[in-house]
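Please open the structure in your viewer and keep the selection tool at hand. The tour proceeds one selection at a time.

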Amino acid sequence: QLQLVESGGGLVQPGGSLRLSCAVSGFTLDYYIIGWFRQAPGNEREAVSCIKSSTGATYYIESVMGRFTISRDAAKNTVYLQMNVLKPEDTGHYYCAAKDIRGRFLPNFPLRPSEYENWGQGTQVTVSS
């Protein structure tokens, strides 16, 4: 049974940092793309960052480039999102999601939520003074 569990969210002041964790079970990271998505009230869910676990290739939405870093620890079957210099507009519910890429050729990172088969429950990030 595939399972993703997020943790690490919280309330932080602007300029602060948080590290989100996505612990996965029931599958091997190497066969998946893991994406971090966020959704603010009234907004659509958007892809913030993705990682192709087998190669380490990454994607970032432009608004977080230079501030967020996605990484994975294969031994712990965990994907992290280090978020620095947080801004109020980073506030939202953050989800990690997994897309099975076995036997598939994907020239670009999947960015639509509908492209991911498995989701965690998410963790809330609030950036406010």
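Begin with arginine 112, which is exposed, with a relative accessible area of 55%. The model is a predicted one, and every value quoted on this tour is to be read with that in mind.

**First stop: arginine 112 and its partner**

Keep arginine 112 selected and add glutamate 115. The two residues form a salt bridge, and their closest N and O atoms are 3.4 Å apart. Glutamate 115 is partly exposed, at a relative accessible area of 22%. Next, select Arg38, Glu46, Arg67 and Asp90, which are joined into one network by salt bridges that share partners. How many salt bridges does a search of the whole structure find? The search returns 7. Side chains of opposite charge can pair when their charged atoms come close.

**Second stop: glutamate 117**

Now select glutamate 117, in the loop between strand 9 and strand 10. With 39% relative accessibility, this residue counts as partly exposed. Add arginine 104 to the selection: glutamate 117 forms a salt bridge with arginine 104, with 3.7 Å between the closest N and O atoms. Both residues of this pair belong to the loop between strand 9 and strand 10, and they are 13 residues apart. Arginine 104 has 44% relative accessibility and therefore counts as partly exposed.

Then add lysine 99. Its side chain meets that of glutamate 117 in a salt bridge of 3.8 Å, N to O. This pair links distant parts of the chain, for lysine 99 is in strand 9 and glutamate 117 is 18 residues away in the loop. Is lysine 99 buried or exposed? Lysine 99 is buried, because its relative accessibility is 8% and the cut-off for buried is under 20%.

**Third stop: strand 9 and its neighbours**

Extend the selection from lysine 99 to the whole of strand 9, residues 92-100. Of its 9 residues, 8 are buried, so the strand is largely enclosed by the rest of the structure.

Which strands are joined to strand 9? Select each of the following in turn:

- Strand 4 (residues 32-39) runs antiparallel to strand 9 and is joined to it by 8 bridges. Here isoleucine 33 stands opposite lysine 99.
- Strand 11 (residues 123-127) is also antiparallel to strand 9, with 3 bridges between them. Histidine 93 stands opposite glutamine 124 of strand 11.
- Strand 10 (residues 118-119) is joined to strand 9 by 2 bridges, again in an antiparallel arrangement. Asparagine 118 in strand 10 is the bridge partner of alanine 98.

While strand 9 is on display, examine the directions of its side chains. In a regular strand the side chains alternate between the two faces of the sheet.

**Last stop: the cysteines**

Finally, select cysteine 22 and cysteine 96. A disulfide joins them, with an S to S distance of 2.1 Å. The count for the structure comes to 1 disulfide. The link between cysteine 22 and cysteine 96 is right-handed, with 70 degrees about the S-S bond. Cysteine 22 lies in strand 3 (residues 18-25) and cysteine 96 in strand 9, so the disulfide ties together parts that are 74 residues apart in sequence. Cysteine 22 counts as buried, at 0% relative accessibility, and cysteine 96 is buried with a relative accessible area of 0%.

Add cysteine 50 to complete the tour. Cysteine 50 is in no disulfide, and the nearest cysteine sulfur, that of cysteine 96, is 12 Å away. Cysteine 50 also counts as buried, at 0% relative accessibility.

Conventions: Residues are numbered from 1 along each chain as its sequence is written. This is a predicted model: local features need pLDDT of at least 70, side-chain atom pairs count only at pLDDT 80 or more; totals for chains, interfaces and linings use all residues. Side-chain values use heavy atoms; hydrogens and water are left out. Buried means under 20% relative accessible area, exposed over 50%, partly exposed in between (1.4 Å probe, protein chains only). Helices (H or I, at least four residues) and strands (E, at least two) are DSSP runs, numbered from the N terminus. Two strands pair if DSSP finds at least two bridges between them. A salt bridge is a side-chain nitrogen of Lys or Arg within 4 Å of a carboxyl oxygen of Asp or Glu. A disulfide is a pair of cysteine sulfur atoms within 2.5 Å.
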